[in-house]
Amino acid sequence: LVGYAYAKCTINASTNTGSVSGTNNVGGLVGYAKGIDLSGVFNSATINGYTNVGGLVGNIEGGATITTSNNSGAVNGYKHLGGFVGYAKSSGNALSIEGTSTAPLVNGGKVTSTIPSGSSSANNDGGVAGFVGYLDGDSNLTISHCVNNGEIHGLQFNGIAGILGYVKHGANLIYINNCKNAALVEGGINTGGIGGRLSTNSSAVNSMVISHCYNSGEILTQDY
């Protein structure tokens, strides 16, 4: 729908059913967003790219909210891949992806990383996940009432998970609650059902909280 949204925008009640292919910052609804609010949006098409590739949004920089939305389309690329968001950096603003107990947000799309021929990228910051692949520093993130049903394949990468993949040093606050992964997750080091490689730079108590989460998916790790 939108390639580049520099000003913060709002997209409601919108659907993408056509495949999208590009290089960097590729998404089913938005490629790059400088802050965005999404509600009632859906992607059912295959999204292909290289880095920062998401079923809904490829790259978010700035505050954002995502509610009442789902992805069922496959996401394919190299790194920073997510069923909802490939790459995110909130720059101190709030970034929230939140469903409800009766209407959770669902990723049903398979997320697959393919390492280019000749690349020596074993165990680097891959960031491949069902909801947010890669979270950059200076970020505040809440993920609540989300379910991943799509297989996650991260090959040799670091930071692969059903919900949140790789968090760069410097993130501020991370809250993940009432989330579930029910699909296969395959990656290199730091591979998990809910979170992959997670960290914050905050010394505050409870700067990272994961609560009431559940994993039933198989976890396969390949420590190259």
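**Surface first.** I looked up the exposed area and got about 8400 Å² for the protein chain, with carbon and sulfur atoms supplying 48% of it. Accessible areas here come from the Shrake-Rupley method with a 1.4 Å probe, and for residues only the protein chains shown count as cover.

**What I'm working with.** This is a predicted model, where local features need pLDDT of at least 70, side-chain atom pairs count only at pLDDT 80 or more, and totals for chains, interfaces and linings use all residues. Residues are numbered from 1 along each chain as its sequence is written, and side-chain values use heavy atoms, with hydrogens and water left out.

**Overall build.** I counted helices and strands in the protein chain and found zero helices and 32 strands (DSSP runs, numbered from the N terminus: H or I of at least four residues for helices, E of at least two for strands). The radius of gyration is 15 Å, close to the 17 Å from the globule rule for 224 residues, so the chain is as compact as a globular protein of that length. That radius is taken over C-alpha atoms, and the rule is 2.2 Å times the number of residues to the power 0.38. The C-alpha trace spans about 45 × 40 × 30 Å along its principal axes.

**Inside.** I checked burial next: 55% of the 224 residues are buried (under 20% relative accessible area; exposed is over 50%, partly exposed in between, with a 1.4 Å probe and protein chains only). The largest nonpolar core has 34 residues, and Ile36, Ile97, Leu135 and Leu164 touch the most other members. Strand β6 (residues 36-43) gives the most to this core, with three residues. A second, separate core of 13 residues includes Val75, Val128, Phe157 and Val185. For my own reference, a nonpolar core is a set of buried Ala, Val, Leu, Ile, Met, Phe, Trp, Tyr and Cys residues joined through side-chain atoms within 4.5 Å.

**Ile36.** I listed its contacts (heavy atoms within 4.5 Å), skipping neighbours within four places in sequence; among them are Lys8, Val30, Ile60 and Thr65.

**Two serines.** Ser72 lies in the loop between β11 (70-71) and β12 (75-77) and is partly exposed, at 48% relative accessible area. Leaving out residues up to four places away in sequence, Ser72 touches Asn43, Ser44, Gly108 and Gly109. Then I turned to Ser96, which is in strand β15 (residues 94-98) and counts as buried at 12% relative accessibility. With that sequence cut-off of four places, Ser96 touches Ala64, Thr65, Ile66 and Thr142.
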